[in-house]
Amino acid sequence: MNKAVIPLAIFVALAGLFFYVLEQMGEGEYNPRDIPTEFIGRPAPAFTLTSLFDPGRQVRSADYQGRPWLLNVWGTWCPECWREHPYLLTLKARGIPIVGIDWRDTREEGQAMLQQNGNPFVAVGFDPDSQLAIDWGVYGAPETFLIDAKGIIRAKHKGALDERSWQEKFAKWFEEKQ
Amino acid sequence: MKQLLLGFLMLSLVPWAAATNIEAYDFDSPQQERDYKELTTELRCLVCQNQDIADSNAELAQDMRHKVYRMLKQGKTKQEIVDFMVRRYGDFVRYKPPFDTRTLVLWVGPFLIFALAIFFMLRAISRARRREERAELSEEQINRAADLLEENPSKSTD
């Protein structure tokens, strides 16, 4: 009798664990493809990219020191980026400086997207061959980093940014400053 | 039947077609080329997470291969390149995780489980053997049993 209970108990425990993990995935609390974030608290890697709109102009990380700013990696090939786009526009309206990085895209498509839907960015760097992406440990889009006034990465969000994740991870860094 | 065969034939071509997506890189030395091959099979593609970057056609994997190539060309050592990737993508980017306190269970766990399995198996065998030994009867017992059976064979037929 006792011996028969042991496998049953193991089964119930495992089933419970699996349901718990599925639940967490369903709520977006857990993503098995996530890899641990390496960058929080570290200085943001410097970059110099050409501007999406003007190959003759440069977008440099050094130009944004002295106040907190966001770096948003996106691409027109990425459906979640389209979904996120209106929210970025509302952040712009609140005066949040966002530097966009058009990743693995063509200039024409990147430009067309921003012309049609509005441009939430103070500047857009063009990164067709993952120069910045690899340097910043990006492996999917959209991905948003928060860099503080001293150039330290303070927060990072994978996937489309929304009000909930904004309040959770980002908002406080802008409140302190004002 | 012919169509089925043709289908299998086409299917068999798929891996071959996938394997041809290798960039043509020039290396300074055979050693550099060896390093490149080793590195690209040791680094994980972050998009298709069960492939190394040598194997993956994901665009990020292509760019990572290119990055590895450029760093080798700059004279970076293998260790420097692995460190560079780990600093950006974490230990996850390595197919061979380092041996430290966080990964101890990962490295030692399977051996531990194996040792436990051996232990329990040996115990079960020795127990079974002991039970067998106990079941064996001494000569005296056998004689007595035979006597008893002979004494009252009629009883059971009553």
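**Figure 1. The two domains of chain A sit with their centres 39 Å apart.** In this predicted model, that 39 Å runs between the centres of domain 1 of chain A and domain 2 of chain A, taken over C-alpha atoms. The domain assignment puts residues 1–32 in domain 1 and residues 35–175 in domain 2. The next two close-ups stay with chain A, and the remaining ones move to chain B.

**Figure 2. A:Val124 and what surrounds it.** A:Val124 belongs to strand E5 of chain A, which spans residues 123–127. Is this valine buried or exposed? Its relative accessible area is just 3%, so A:Val124 is buried, the cut-off being under 20%. Leave out the neighbours within four places in sequence, and its contacts still include A:Leu52, A:Phe53, A:Val59, A:Trp74 and A:Leu114. A:Thr50, A:Ser51, A:Gly100, A:Asp102 and A:Asn119 are also in contact with A:Val124. One more residue to pick out is A:Ile101: it is 23 residues away from A:Val124 along the chain, yet their C-alpha atoms are separated by 5.5 Å.

**Figure 3. Three backbone spots to look at in the loops of chain A.** Start with the peptide bond between A:Ala141 and A:Pro142, which is cis, with omega at about -5°. A:Pro142 itself falls in the loop that links helix H4 (131–135) to strand E6 (143–147). Then there is A:Arg104, not a glycine but with a positive phi of about 50°. Look for A:Arg104 between strand E4 (98–103) and helix H3 (107–117), in the loop. A:Ser130 also has a positive phi without being glycine, and here the value is near 60°. This serine is in the loop between E5 and H4 of chain A. With a relative accessibility of 1%, A:Ser130 counts as buried.

**Figure 4. Chain B, helices and no strands.** Chain B has seven helices and zero strands, so read from the N terminus on, its elements simply go α-α-α-α-α-α-α. Of the 158 residues in chain B, 23% are buried. How far apart in sequence are the partners in its contacts? Taking contacts in chain B between residues at least 6 apart in sequence, 50% join residues at least 24 apart.

**Figure 5. Helix H2 of chain B against helix H4 of chain B.** H2(B) covers residues 30–42 and H4(B) covers residues 78–89; they pack with their axes 11 Å apart, at an angle of about 25°. That is under 35 degrees, so the two helices are roughly parallel to each other. The crossing of H2(B) past H4(B) is right-handed. From H2(B), the contact uses B:Asp35, B:Glu38, B:Leu39 and B:Glu42, while H4(B) brings B:Lys78, B:Ile81 and B:Val82. Sorted by class, that gives four charged residues, three nonpolar and no polar.

**Figure 6. Helix H3 of chain B against the same H4(B).** H3(B) is made of residues 59–73, and its axis comes within 10 Å of that of H4(B), crossing at roughly 140°. That angle makes H3(B) oblique to H4(B). Here too the crossing is right-handed, with H3(B) passing H4(B). On the H3(B) side you'll find B:Leu60, B:Met64, B:Lys67, B:Val68, B:Met71 and B:Leu72; they meet B:Ile81, B:Phe84, B:Met85 and B:Tyr89 of H4(B). Which classes make up this contact? Nine of the residues are nonpolar, one is charged and none is polar.

Terms used:
Residues numbered from 1 in each chain as written. Chains lettered and ligands numbered in written order. Predicted model: local features only at pLDDT ≥ 70, side-chain atom pairs only at ≥ 80, totals over all residues. Heavy atoms only, no water. Domains from an automatic or database assignment. Axes fitted to C-alpha atoms, helices over the stretch in contact; angles between N-to-C directions. Helix = DSSP H or I, 4+ residues; strand = E, 2+ residues; numbered from the N terminus. Parallel < 35°, antiparallel > 145°, perpendicular 65-115°, else oblique. Left-handed = near helix turned anticlockwise from the far one by under 90°. Contact = heavy atoms within 4.5 Å. Nonpolar A, V, L, I, M, F, W, Y, C, P; charged D, E, K, R; others polar. Buried < 20%, exposed > 50% of the residue type's maximum accessible area, 1.4 Å probe, protein only.
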